[in-house]
Amino acid sequence: MSVYRPPEVAPSEITPEHIYLNRREWMQGAAAVAVASMLPSVEAAAPPKAALPTFYKSRFSTNEQKNSQAEITSYNNFYEFGTDKSDPAERAHTLKTEPWVVKVEGEVAKPRSFDIDSLLKFAPLEERIYRLRCVEGWSMVIPWVGLPLSALLKLVEPTSKGKFVEFTTLQALDQMPGQRTGSLDWPYVEGLRIDEAMHPLTILAVGLYGRPLPKQNGAPVRLVVPWKYGFKSIKSIVRIRLVEKQPVSSWTRANATEYGFYSNVNPEVDHPRWSQASERRIGEFFKRKTLMFNGYAEEVASLYKGMDLRANF
Ligand code: MTE
């Protein structure tokens, strides 16, 4: 496996100057959207290395050893750039991430569009060190920087009909060569139940290792749902739509018997073609046991109380 080294880019080339908020402006913005109560910890993280506003360390972070930046940015699934793990690092440079608009619409009282600057302002950023378990049987520990999806959803005020949230990736055949192939139905679509989307563990990630997201990891904004298999964590999102009916995700559309809507990490429910009982942490030789809900059972098991997790895989 070749190791991708991110290019040395000046922060000013990655992000416009005006998103560098000083700490005071950022705290005022935070207070304005009344999210102070969601701050998980008063311990401020080390100053950001570049380009992202100040971020907090989250109490939801694991203290397991992190995978290296090189591992996290060179071994990716981003089928819009090809199906090999090395394709995204080699090919995602064609993705244009500026300007970028995320539309939040559907069953909401206040539909809104966000550019990345405004996304960075509506809630305090946090570093969340999460395990990511891929359905294929590998895992990593990744230091994301992001904000709770719930803060964004509260701003747009879901109506009583907003029972699910559908997410859509950019469709741009000129920028995403994989979309010129039939490896999946495009654009990539994922979905969550509203309570899963509102859960404090669910984040929109805008950064990685303290810097803006690399393109191969889903720049400029991607979902991270740490208790679900990695494919739920949709990259390069342009639309978030509140809907009444359960959305059909790209992977369910491709093969409904193998990829269900819930896709919760569950060592007791095998994939039809392989066991899910263990996983290989990238960089390690021996396999380790996969944990129920990827180790987040204490936080999320109650969401599925009374549900048959074999039927709702
Ligand atoms: N999002 C889009 N748009 N396209 C994809 O192919 N792959 C998914 C998910 N999000 C994918 C995607 C899968 S299978 C995984 S395991 C994770 O992204 C990988 O995220 P990472 O490359 O940042 O580790």
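**A five-stranded sheet and its surroundings**

In this predicted model, five strands line up in an open sheet, in the order β3-β2-β11-β6-β7, and their pairing is mixed. The two edges are taken by β3 (112-115) and β7 (189-193); each has just a single partner strand, so one side of each goes without a neighbour in the sheet. Going from one strand to the next, the twist averages 15°.

Now for a pair within that sheet. Strand β6, residues 164-169, runs antiparallel to strand β11, residues 237-243, and six bridges hook the two together. To pick out one residue in this pairing, Phe167 has Ile240 in β11 as its bridge partner.

The loops have some details worth a look, starting with two cis peptide bonds. One of them links Glu98 to Pro99, with omega at about -5°. Pro99 sits in the loop that runs between α4 (87-91) and β2 (101-106), and β2 is one of the strands of the open sheet. The other cis bond goes from Trp186 to Pro187, where omega is near -5°. Pro187 belongs to the loop between β6 and β7, and these two strands come one after the other in the sheet order.

Next come two residues whose phi is positive even though neither is a glycine. For Tyr209, phi is near 50°, and this residue lies in the loop between β8 (203-208) and β9 (211-212). For Ser263, phi is near 55°. Its loop is the one between α8 (250-254) and β12 (278-281). Is Ser263 buried or exposed? With a relative accessibility of 4%, Ser263 counts as buried, because the cut-off for that label is under 20%.

Zooming out to the whole protein chain, there are nine helices and 13 strands. The chain has 313 residues, and 54% of them count as buried. How much of the contact pattern links residues at least 24 apart in sequence? Taking the contacts between residues at least 6 apart, 72% join residues at least 24 apart. As for the outside, the accessible surface of the protein chain comes to about 14,200 Å², and carbon and sulfur atoms account for 52% of that area.

How values were computed. Residues numbered from 1 in each chain as written. Predicted model: local features only at pLDDT ≥ 70, side-chain atom pairs only at ≥ 80, totals over all residues. Heavy atoms only, no water. Pairing = 2+ DSSP bridges. Helix = DSSP H or I, 4+ residues; strand = E, 2+ residues; numbered from the N terminus. Axes fitted to C-alpha atoms, helices over the stretch in contact; angles between N-to-C directions. Buried < 20%, exposed > 50% of the residue type's maximum accessible area, 1.4 Å probe, protein only. Contact = heavy atoms within 4.5 Å. Areas by Shrake-Rupley, 256 points an atom, 1.4 Å probe, with all protein chains shown as cover.
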